[in-house]
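Me: Please take a close look at one part of this model, and then set that part beside the other packing in the chain. I would like the terms defined as you go.

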Amino acid sequence: MPIPTRSSRRRYWDYRRKLKQRRNKGEASGDATIGGHDHGSSHGPGDAKKHRPRTRPFTRLLREFWGLLQGFRGTLAAALVALSVSTLLGLVPLYGTKIVFDSVLRDQPLPAQLPHGIVLPHDRRELLTVVAVGMVTLALASELFGLFGRWQTTRMTKRVQVSVRKKVFDHAVRLPLHRVYELKSGGVASILREDAGGVADLIFSMFYNPWRAIIQLLGSLTILAFVDWRLLLGSVALLPTVWLTHRTWISRIRPIFRDIRSTRQSIDSHATEAFGGMRVVRSFSRQQAEAATFTRSGHLMARQEIFAWWWMRGIDVAWSVLIPLASALLLYFGGMRVLSDMEKLKAGLITSKQALTLGDLVMFLSYLAALLGPIAALAASATALQNSLSGLDRVLDLLAEPLEMPSKPGALVVNSETVAGRISLQNVSFAYNGTADPVLRDVNLDVHPGEMIALVGPSGAGKTTLCNLVARFYDPTAGAVLLDGTDLRDITADSYRRLLGIVEQDTFLFDGTIAENIAYGRRGATAEQIAEAATLANAHDFIIKLPAGYDTLIGERGVKLSGGQRQRITIARAILADPRILILDEATSNLDTESERLIQGSMQTLMSGRTSFVIAHRLSTIAHADRILVLENGRIIEQGRHEELMAASGRYRDMVDLQTSPPPSPKISASNPKPREDAYAQEGV
C-alpha cells in the first residue's frame, strides 16, 4: 500500500497554523517536522531536547558569538578603529558644501567654526580649488582606511567560518551514535554548510555595519548640533522608528528563518539518502517517487521563503516611505527657516551670524542624508541579521547537546603496551534509546586475554549489540563492561578505541586511494606495511592488477570494487591497525569460498594473542574458536567449544544440523504446478 502524501500547499498551511500557535504561546520553535515531511524528515539539532527554548534572546546570542570570536578580537578591534577613521574622514567633505555655497558662490565670510591651524584663501577661485582638492584628498584617505578595515574584517570572517565549522564538526562526530543517526549525513552537511558557515557573516551584520552606522550617526548629530538644534531634534525623532520596526517585524522573522533552515536540512538529508541508496531506488523503480518527494519539500521551502519575503518587504516599504517623507518635511522646515532669516536679516532683526544661510541648509541636508542612510541600511539589513542569528541559534543547539561518553575527571588513558586485553561483562543489560524492551538481559561473561569468542544465534539475539558494548559505542543500561578489571566508563573512550580493530559485514570505504583506505588504521604507515597487510588479507594480488595499483581511486564507499574486494580491504585495514581487541562481524561474508579459505590462515595469525569477538552465521568458520556463545533473546543460553556443544545436542547442534541438511523440497500448488528451477538456488544449494 503506498504511503499517503500531502501536497506542499497543505503542509505549508499546517506550518502557518503551527507557527501562529507557537507565537500565541510565546514560543519560537524551529522544528523541521513542521509542515509534515513525507519522507526523510530530519530533526534539527535541538530536537533531542524538546524542553529547550527554541530561540535565544539577542543579548545571549551576542555573548555566545563574542565567545566564538576568541583569538580574533584584536583583529576586530583594529578593523573597527580603521572603520571609525574612514567614516569620520568621509563626513568632513560634506562640510565643504557650506563653504562653497556661502563663501564661494556668495559673499558670506568663512565659517568661524573651522579648527585652528586651517587657513583658507579669501580669493573665491583659490578657495574653490582648495575645497575641491581637500574633498578629494579626504575621500581617498577615507577609502584607504575603509579598504584596510574591510579587508581585515573579510579575512577574519573566513577564519572564523573555518573555526566555527571545525568546532561544529568536532562536536558532531562526538555525539552519541543514536543522535548521529537522527541527524543523518545530509543533515550534518547542511548544518556545517548553511548554519555554521553563515555564523561568520555576523561579524559584518552584528559588528562592522552597526559600528559604521553608530560612528556616522554620532558624527552627523554632532555637526548638525552646530548648525541648528531645532533641525537636529526633527531628525532625532526618527530614531524610535528603528525600535518600532524591530518590535513589529524583525522579531517575528528569526523563527521563520529557523524553519526554513530546518526544511533545507531535511531536503539535504533526503537527497543524500536517496543517492546513497540509488541501487535500491532503481531496483524498485522509485526514481519518480523520490523526485516527487524532493520537489514537494522544495515547494514547501519556497512557500516559507516567500512568506519571510513578505515580512522583509514590510520593513523596506516602511522605510521607503518614511525617509523621503522625513527628508521632505525637514527640507520644507529648513527652507522656511532660511527665507524667514533672510527677511529678518534685511529688517535688521538678527545679525548675519544668527541667520541660517543657504549653505547651512545644503550642509544640513547632506548630513541628514548621512544620518538617515545608515539607519535605513541597518533596518534593511536587520532581516539578514536575523537569518544569520537563526543559524547561530541552531549551531548553539547542536553544541549544547551532550557528547558521547564524556570522560570522567581523572579517567585512565590506556595503551596497547600496558593492556592485557581481558574483557568482562558483569550483569550487563542494554536497551536502545527510545525502546523499552532490553536487547541484552543480565549477561555475564569473562574473556581471557588472547581468547577467541564466537557469537552465534538467530537475528536479533543481541550478538552485534554485545560487540557494540565491547567497542563502547554504547554504555550498558545496567551492569558494567570491564577491561582488565577496570570499568570502561573510567577509561577515556578515545584511548580505549585505539586498542580496537573492527571489521563489519557492511563494509565502509572512503573516497580515496586503496593505500589511503588501508592506512586509515594506522597513522604514518609506510608503503611496505600497507602492502604486507594487504598480502595477509589476500588483497595484494588483485590490487597490483589495477591500473594504478595501490593509488587506484575507488570512489565513494568503494563503489568501483566488488563486494569481496571491499571486504578484503577492510580486513587489511584492521590487520595494519594491529589491535589488542578484535571484533569481526561477519567479516568474511562477502568473500567467495576460495578467497575465504586463503585468508583463514591470515585471520588466525591476526587473532593470535588478541582478544577476539567473531560474529558468524556460517558456523563452519568458527569451529576452531576457543569458546562459542549461543545467544537467544538477549541471553547466553549455551557456551563451550565446538565439540562440547555438538556433544551436548542443544541449540548449537540444531543450528549446525540445519545448515548442513539439504533444503526442503519446493511446495507445489494449483497456482504454481511446476517447481521453479531457481527455488534451490534461493536456498543456497
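Reply: What follows starts from one residue, Val104, and moves outward to helices and sheets.

This is a predicted model, in which local features need pLDDT of at least 70 and side-chain atom pairs count only at pLDDT 80 or more, while totals for chains, interfaces and linings use all residues. Residues are numbered from 1 along each chain as its sequence is written, and side-chain values use heavy atoms, with hydrogens and water left out.

Val104 belongs to helix α4, residues 96–104. Helices (H or I, at least four residues) and strands (E, at least two) are DSSP runs, numbered from the N terminus. With a relative accessible area of 9%, Val104 is buried; the term buried means under 20%, exposed means over 50%, and partly exposed lies in between, with a 1.4 Å probe and protein chains only. Leaving aside neighbours within four places in sequence, Val104 is in contact with Ile99, Arg124, Leu127 and Leu128, where contact means heavy atoms within 4.5 Å. His122 is 18 residues from Val104 in sequence, and the two C-alpha atoms are 9.0 Å apart.

The same region can be described by helix axes. The axes of α4 and α5 come within 10 Å and cross at roughly 170°. Axes are lines fitted to C-alpha atoms, for helices over the stretch in contact, and angles run from 0 to 180 degrees between N-to-C directions. The two helices, α4 and α5, are therefore roughly antiparallel, given that angles over 145 degrees count as roughly antiparallel, under 35 as roughly parallel, 65 to 115 as roughly perpendicular and the rest as oblique. On the α4 side the contact is made by Gly96, Ile99, Val100, Ser103 and Val104, and on the α5 side by Arg124, Leu127, Leu128 and Val131. By class, this contact has six nonpolar, two polar and one charged residues. Ala, Val, Leu, Ile, Met, Phe, Trp, Tyr, Cys and Pro count as nonpolar, Asp, Glu, Lys and Arg as charged, and the others, Gly among them, as polar.

Helix α5 (residues 124–172) also packs with α3 (residues 73–91): their axes come within 8 Å and cross at roughly 155°. That makes α3 roughly antiparallel to α5. Residues of α3 in this contact include Ala79, Ala82 and Val85, and those of α5 include Phe145, Gly146 and Gly149. The contact of α3 with α5 has ten nonpolar, eight polar and no charged residues.

Sheets come next. One open sheet has six strands in the order β6-β7-β8-β3-β9-β10, with mixed pairing; strands pair if DSSP finds at least two bridges between them. Its edge strands are β6 (500–503) and β10 (635–640). Neighbouring strands of this sheet are turned by 15° against each other on average, direction ignored. Strand β3 (residues 452–456) runs parallel to β9 (residues 627–632), joined by four bridges, and Ala454 stands opposite Ile628 in β9. Helix α21 (residues 651–660) packs on the sheet, touching β3, β9 and β10, at about 90° to the direction of β9.

A four-stranded open sheet has the order β2-β1-β4-β5 with antiparallel pairing. Five bridges join β1 (residues 423–430) to β4 (residues 478–483), and Leu425 has Val481 in β4 as its bridge partner. Helix α13 (residues 463–470) lies across β1, β2 and β4, at about 120° to β1.
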